[in-house]
Amino acid sequence: MKGYSKIDKGRLEVLGNVPNPMLAVIISFFLPGIGSIVTGKTLMGIIIFILALISWAAIYFVGAIAFILYMVVWLYGLYDAYSGAKTMNN
């Protein structure tokens with residue numbers, strides 16, 4: 001399970017949770033990074049969430065460049081949540 005820490009792997013194995021890829025994407029659609037946390041990639045989820053918050057706040061100061069950065073972070077968050085859930089299911 002590439003990208004998962006020992007704590008994340010152990011937590012998911014103990015709880016027996018197998019994340020649903022579409023649920024992870026839906027969660028990440030509304031809250032970037034949280035879908036990754038749901039799939040067990042806690043550190044990456046926190047990083048995506050913080051980057052999304054910073055870029056969202058920067059939209060008011062920088063404008064279009066920050067919006068493009070936010071879209072990149074948001075789309076990567078969707079991808080990471082989906083791929084993380086697919087990896088956990090295999």
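**Entry 1: ground rules and overview**

I call a residue buried when its relative accessible area is under 20%. I also remind myself that this is a predicted model.

I started with the overall layout. The secondary structure comes to 5 helices and 0 strands, and from the N terminus the elements run α-α-α-α-α. Of the 90 residues in the protein, 36% are buried. I then looked at how far apart in sequence the contacting residues are. Among contacts with a separation of 6 or more, 63% are between residues 24 or more positions apart.

**Entry 2: helix α2**

Next I went to α2, which covers residues 21-30. Which of its residues are buried? I found P21, A24, V25 and S28. Looking down the helix axis, I see these buried residues within an arc of 100°, so they line one face of α2. The general rule helps me here: an α-helix has 3.6 residues a turn, so residues three or four places apart point the same way.

What covers that face? The cover over the buried residues of α2 includes α3 (34-38) and α5 (64-89).

I also checked the start of the helix. N20 caps the N-terminal end of α2, with a side-chain oxygen 3.1 Å from the backbone nitrogen of M22.

**Entry 3: the core**

I looked up the largest nonpolar core and wrote down its 9 residues: V25, I48, A52, I59, A66, Y70, V73, W74 and L78. The elements that give two or more residues to this core are α4 and α5. Of these, α5 supplies the largest share, 5 residues. V25, which I had already noted as buried in α2, is on the core list too. As background, nonpolar side chains tend to be buried together in soluble globular proteins.

I picked I59 from the core for a closer look. Leaving aside neighbours within four places in sequence, I59 is in contact with A66, F67 and Y70.

**Entry 4: a buried serine**

S55 caught my eye in helix α4 (residues 42-62). Is S55 buried or exposed? S55 has 2% relative accessibility, so I count S55 as buried. Its side chain reaches the backbone oxygen of A52 at 3.2 Å. Not counting residues up to four places away in sequence, S55 touches A66, L69 and Y70. Two of those names, A66 and Y70, were familiar to me from the core list.

**Entry 5: the salt bridge**

How many salt bridges does a search of the whole structure find? I got 1. The side chains of K41 and D80 meet in it, at 2.7 Å from N to O. K41 lies in the loop between α3 and α4 and D80 lies in α5, so the pair ties together parts that are 39 residues apart in sequence.

I checked the accessibility of both partners. K41 has a relative accessible area of 12%, so K41 is buried. D80 is at 1% relative accessibility and therefore buried as well.

I stayed with D80 a little longer. A polar contact of 2.7 Å joins the side chains of D80 and S36. Beyond residues up to four places away in sequence, D80 touches S36, K41, M44 and I48.

**Entry 6: Y76**

Y76 is also in helix α5. At 37% relative accessibility, I log Y76 as partly exposed. Which residues does Y76 touch, not counting those up to four places away in sequence? They are M44 and I48, and both names also appear among the contacts of D80. Y76 and I48 are 28 residues apart in sequence, yet I read 8.2 Å between them from C-alpha to C-alpha.

**Entry 7: aromatic rings**

My last lookup was the rings, where the count comes to 4 aromatic pairs. One of them is F29 with F30: the ring centres are 5.1 Å apart and the planes stand at 85°, so I record the pair as edge-to-face. F29 is partly exposed at 44% relative accessibility, while F30 has a relative accessible area of 61% and counts as exposed. Ring pairs link F29, F30 and W74 into a cluster. W74 was already in my notes as a member of the nonpolar core.

Conventions:
Residues numbered from 1 in each chain as written. Predicted model: local features only at pLDDT ≥ 70, side-chain atom pairs only at ≥ 80, totals over all residues. Heavy atoms only, no water. Buried < 20%, exposed > 50% of the residue type's maximum accessible area, 1.4 Å probe, protein only. Helix = DSSP H or I, 4+ residues; strand = E, 2+ residues; numbered from the N terminus. Arc of directions from axis to C-beta. Contact = heavy atoms within 4.5 Å. Polar contact = N/O pair within 3.5 Å; in protein donor to acceptor, adjacent residues only side chain to side chain. Salt bridge = Lys/Arg side-chain N within 4 Å of Asp/Glu carboxyl O. Core = buried A, V, L, I, M, F, W, Y, C linked by side-chain atoms within 4.5 Å. Phe/Tyr/Trp six-rings, centres within 6.5 Å; stacked < 30°, edge-to-face > 60°.
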